[in-house]
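Trainee: I have the model open. Can we work through some helix geometry and a few contacts?

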Amino acid sequence: MANLYEEGFTQNREISWLRYNERVLEEAFDETVPLFERLNFISIFCSNLEEFFQVRVGSLITDEEDGDDSIDSRSGMSAAEQLDAIYKMIPELYAKMDQAYNVIDASLRDAGVVRLNVMELSEEELGKALSFCLQYKDGFSVRMLKQADEMPILTSNKQYFISRLVNDNDCRYALFDAGRELPSIYVLDDGLLPGSKLRYVVCSDVIKALIPQMHKPFTSAETVAFSITRNGDVEADEDAETLLEEMKSIVEQREISPADKLCCDSKLSSDMRDFLLEAFGLEEDQLYSVVRASFRYVGDLKDVLPPEHKERLCYMPFVPFNQLSLMNKPVMEYVKEKDLLSAYPFDSMDPLLELLKEASESDKVKEIRMTIYRLSSNPVIVDHLLNAVNNGKKVKILIELRARNDEAKNIDWAQKLSDAGCKVYYGDDEYKVHSKLCQVVIDERDEKKFISQISTGNYNEKSAKSYTDFSLITYDQRIGKDINEFFEDVFKHKEGKYDHILTSPKTMHQTVINLIRREAKKGSKGRIFIKVNAVTDSKLIEELMEASCAGCKVRMIVRGICCILPGVEFCTENIEIVNLVGRLLEHSRVYIFGEGDDEMMYISSADFMTRNMLRRVEVACPIYNSELRERIRAILYLNFIDDVKGRRLRRDGCYEIKESGQTKTDSQNLLIKQSQLV
């Protein structure tokens, strides 16, 4: 397994991720996608790259600087070689992004959503735009720099401006920060009239045009907008005594960690290039010239689009089906008779919210437990938990402080929940708690009974409207007792043995391996169907290859990173892998082994990654109800045969468009339509 790459059926995870993000960018070129949504895919592509540099590139840079010369088992590449490959791919991806943006921006103009250059504004319009921006001048700051080492610490992924100023033989640089309060766009008055074009200007463009006028008697030789991305791979304070103090330290360290990427909105003179590279300690292959240094205005633009423009240029909105409409009794009573499966966002999160509301008010409920990884900004879930505390219930919350990019938010929520009277626990020092579980403990005739909820996604009301996830609410006491024991164990930072659920870091990995081997022994009658966000674990990859060699049919839906390559002769000939990118983010994880009476199906929070299987606390829950299994299987089958947004992974690691039959299948749109017909 150490030399897995020598077999020729694996690829490097970083290259695989970049190909996935290129697949996201393809949606910006797809003319069947509503025009504004194509612009939004560019914004998503850029946001993805920022996180990639923070996390993955940052980690590789750290390895290289530490002298780590270990070889990636899936590609045979060292950290330095992986960085070289990444730096070679990025310019081409940015060039495609620029191409897409120029086409979309022009097309939006033709469609009545006009982004104006500052030079296109009349004198009166420019004056109004300047006046609008100058309302926020209290947040503006300018800093004169003579030497590169005078560059202050800048916020990661925030847009700044810099001018190169000259006067006789003198040269210096003016760094401009527009602050945090400046809106991203200014809409001209006529753009708000019904039936008219929406004419707007990006405020950063106005600021950029204003800056050269601010530095007389110096002449501005060039002014550029830029942003840096900082290395997110930082170490905590060794003296931190608690996990809370450790995470606060990490959040602080990320604010001052070295930069690993610089994006500028124009080509730079050699003087400006050398100054910025020296200021941030970067090499030339970490500097990228792009059409825009930031696309954060896109979300704000959508908020101001008039209804007639949204109807033509955006995805048609839909209302998730609310399963509460089918119930003639409270959720707590309904699930005692029948398990409840929700498929977000086709189904609403309301049944879970109603369960928590009922539990917070019921005299029979003694305790509510929950694991939290990410929450929305104003979560209704928290309101119900606080109401439960006020009504005398025990509320135990395990909140993971190390949720990537949400560390500061989770630290804040942990403090608020604790102050309100909840018993708050943190993840284990060694293992992140990534599982998604909620349990209501009921006193039924002096006997403890459990209503348990297991999800493949976060308790985030906002993402539940755009991420595809499964949520199971069950009164099955076999599962309930396991999850009860799991909570008791995880609060004490230990892992027990369970009869029904699978858990990592101890049992899930080996159980999945055993199930793969079980199917492999069936030869051509073996069946494996997996849906996950990523496949990187070398042992699972090897086991899937062995199953393929034994004749087992393996079908996989992998949204992002996929280190196993299908269709390689004598290795993965019986493995088919598809990727699905559409208006919704595919996020659910489902493992299916066997078929018919022999079928075993689990929903889970864990991907087929070493970190999920061996370095996190995860849970996979069996689906025992045959009707629910059939529904999950039907959704996965639609995803797998999707020939509109689905792509087939080739043996070279690239994606190809599927051949379409007479009737095309767009699984997400089909599931949306079905949800509206119930």
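Mentor: Start with a definition: the expected span of a helix is 1.5 Å times one less than its number of residues. Keep in mind that this model is predicted.

Trainee: How far apart are the end C-alpha atoms of α18, and what span should its 16 residues have?

Mentor: Helix α18 covers residues 626–641. At 1.5 Å a residue, its 16 residues should span 22 Å. The distance between its end C-alpha atoms agrees with that: 22 Å.

Trainee: At the start of α18, which backbone nitrogen does a side-chain oxygen of N625 reach?

Mentor: The side-chain oxygen of N625 comes to within 2.9 Å of its partner. That partner is the backbone nitrogen of E627.

Trainee: At what angle do the axes of α18 and α19 cross?

Mentor: Helix α19 spans residues 667–677. The two axes come within 8 Å. They cross at roughly 140 degrees.

Trainee: Which residues of α19 does α18 meet?

Mentor: From α18, the residues are I635, L638 and N639. The contact divides into four nonpolar, two polar and no charged residues. I635, L638 and N639 are also buried. On the α19 side, they meet S667, L670 and L671.

Trainee: Is K409 buried, partly exposed or exposed?

Mentor: K409 sits in helix α13, residues 407–419. Buried means under 20% relative accessible area, and exposed means over 50%. K409 has 31% relative accessibility, so it counts as partly exposed.

Trainee: Beyond its neighbours within four places in sequence, which residues does K409 contact?

Mentor: One partner is 34 residues away in sequence, yet 8.6 Å away C-alpha to C-alpha: L375. The full answer is L375 and S377.

Note on methods: Residues are numbered from 1 along each chain as its sequence is written. This is a predicted model: local features need pLDDT of at least 70, side-chain atom pairs count only at pLDDT 80 or more; totals for chains, interfaces and linings use all residues. Side-chain values use heavy atoms; hydrogens and water are left out. Axes are lines fitted to C-alpha atoms, for helices over the stretch in contact, and angles run from 0 to 180 degrees between N-to-C directions. Helices (H or I, at least four residues) and strands (E, at least two) are DSSP runs, numbered from the N terminus. Contact means heavy atoms within 4.5 Å. Ala, Val, Leu, Ile, Met, Phe, Trp, Tyr, Cys and Pro count as nonpolar, Asp, Glu, Lys and Arg as charged, and the others, Gly among them, as polar. Buried means under 20% relative accessible area, exposed over 50%, partly exposed in between (1.4 Å probe, protein chains only). A polar contact is a pair of N or O atoms within 3.5 Å; within protein, one must be able to donate a hydrogen and the other to accept it, and residues adjacent in sequence count only if both atoms are side-chain atoms.
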